[in-house]
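Let's take a friendly walk through a protein model, stopping at a few spots along the way. Keep the picture open as you read.

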Amino acid sequence: MKQQMQDRPVPLDVESYPVAPEGLHLEQVHVYVRHGERTPVRVRMSDPPASIPADWQMCNTAKSFHETVAGHSPSIDDGLWYRKVVENRRGKTAEGLCLLGELTDVGKKSTYSFGTALRSLYVDKLNFLPQKLEDERLTYFRSTNIARTIESLQHIVHGVYPPSACAPGTIPSIIIRSNGVDENLVSNTLACKRLALLELQFAEAAVAVWNSRLEPLDKKVSKYIGGRPLRLDGTPRASGILDTVRSAAAHGFRVPPEFSDDNVIGLIEAAVTAEWFDIVKSEDGRRLGMGRLLADASEKMQRKTQFNSKDSTKLLVHTTHDSTLAALLCTFDVFDDKWPPFTSSVTFELFRKRTPASQQTDISGLRALSSFWKQRDEHYVRMRYKNNNMVLPMCAEEGKHLPGSPEFCTLEAFQRRVGELTPRDWAGECFPRT
């Protein structure tokens, strides 16, 4: 059976976007998007019969200091003018040669398209954001400190608010955390020894379960990896094979036909997702991996509900990695066990439901009884992935979601779960238990 490989990005579907029920008003949007298409992070399967190229000439855009965004060439500053040239292992250079793990021209195009889709949705269709950006505080753009996520965000920003859509002197900022220990857009195993240990334990457990299940594939795919067996802990690792095949297919390279067979690629994907993401199906993995990120988002939502017009931030876009998207989905028990495609995104939308005037009248007497009375609007959070609403199991009970619309989780239920996932002392919990 042939499978449509999950290597192509899933474009943001503006036309089919489900508008919220009447009475709900969009207040804030948090977007976590995987970087665009890139080259593999290592050279694999380059020898016959696989013959996937070791050198990719697909990085023609942005080889000069001043040309960081596809299609945009600012004025030249002779004081900082140079050209970046990539050399392969044989000492040869070629036009457009890519580094390993580099965002390609294809990836730059798809992330720019993602940005224009965000603009089409939140500016043009919903009128949530203004046509022209005059106040930079309306937006928040942040990336991990990795070249491919930074470049992806540059292209997304250019799609949302290009220079022509920014008021004079208004330049959107791209934020990067100064200290890697404080990075919460990934499961930060480098800064958390306990998390790194858990990751190793879950990976070893996956090896024990899945290596024997992968054995039957050896007769089909071993010839493409130097006759070696296909294993999670093999050489190359199964995750590396999946990465190379998916990256190559996303760029139009021919891949061995066996990797288009659902029985082959499906089994490899199942094994690799178990190796990488079973950890985030555990409470400790969720707390230490995603707790800080979700606490950060929850705090921003809370600030928006409290201060509303005094808090200008409406759109927050974060460029990150496949592992973060999968971890977010696992944390809320909605992961489909499929590797997140390039430029796919998880979105959290915050909505406000204003208290009806009739209810305000009914409780006017109570207002007089207490100087501490304060009108309370209702707030809801909707999670979306691959153009679909995610119905969160934690919000399934009556009273934890908007009646008749289970995809709209009450902010209270959302924050209660995030509170459970937020370590009181992340650094303290990150030391291995003895």
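## Two cis peptide bonds

Start with Pro-49, which sits in the loop between strand S1 (24–34) and helix H1 (105–125). Bear in mind that you are looking at a predicted model. The peptide bond that leads from Pro-48 into Pro-49 is cis, and its omega is near 5°.

Now move along the chain to Pro-236. Its place is in the loop between helix H4 (218–221) and helix H5 (238–250). Here too you will find a cis peptide bond, this time joining Thr-235 and Pro-236, with omega about 0°.

## Two positive phi angles

Next, look for Asp-337 in the loop between helix H8 (322–331) and strand S5 (345–353). Asp-337 is not a glycine, yet its phi is positive, near 60°. Is Asp-337 buried or exposed? The answer lies in the middle: its relative accessibility is 37%, so Asp-337 counts as partly exposed.

Lys-386 also has a positive phi without being a glycine, and the value is near 50°. You can find Lys-386 in the loop between strand S6 (378–385) and strand S7 (388–390).

## A space inside

Let's turn to the empty space in the model. Rolling a probe the size of a water molecule over the atoms shows where empty space is left. How many cavities of 30 Å³ or more does the count come to? There is one, and the largest cavity holds about 170 Å³ of space.

Which residues lie around this space? The lining of the largest cavity has 18 residues, and those nearest its centre are Leu-12, Ser-345, Thr-347, Arg-384 and Asn-387. H1, S5 and S6 each give at least two residues to this lining, and H1 has the largest share, with four. By type, the lining divides into 10 nonpolar, five polar and three charged residues.

## The buried face of H11

Our final stop is helix H11, which covers residues 411–421. Which of its residues are buried? They are Leu-411, Ala-413, Phe-414, Arg-417, Val-418 and Leu-421. If you look down the axis of H11, these buried residues fall within an arc of 165°, so they line one face of the helix.

What do the buried residues of H11 pack against? Their partners are helix H7 (283–307), H8, S5, S6 and strand S9 (405–410). You have met S5 and S6 already, as each supplies at least two residues to the lining of the largest cavity.

Key:
Residues are numbered from 1 along each chain as its sequence is written. This is a predicted model: local features need pLDDT of at least 70, side-chain atom pairs count only at pLDDT 80 or more; totals for chains, interfaces and linings use all residues. Side-chain values use heavy atoms; hydrogens and water are left out. Buried means under 20% relative accessible area, exposed over 50%, partly exposed in between (1.4 Å probe, protein chains only). On a 1 Å grid over the protein atoms alone, a cavity is a set of points where a 1.4 Å probe fits but cannot get out, and a pocket is an open set with protein on both sides within 12 Å along at least five of seven lines; lining residues have an atom within 4 Å of a point. Grid points are joined across faces, edges and corners, and a volume is the space filled by probe spheres set on the points. Ala, Val, Leu, Ile, Met, Phe, Trp, Tyr, Cys and Pro count as nonpolar, Asp, Glu, Lys and Arg as charged, and the others, Gly among them, as polar. The arc is that of the directions from the helix axis to the C-beta atoms. Contact means heavy atoms within 4.5 Å.
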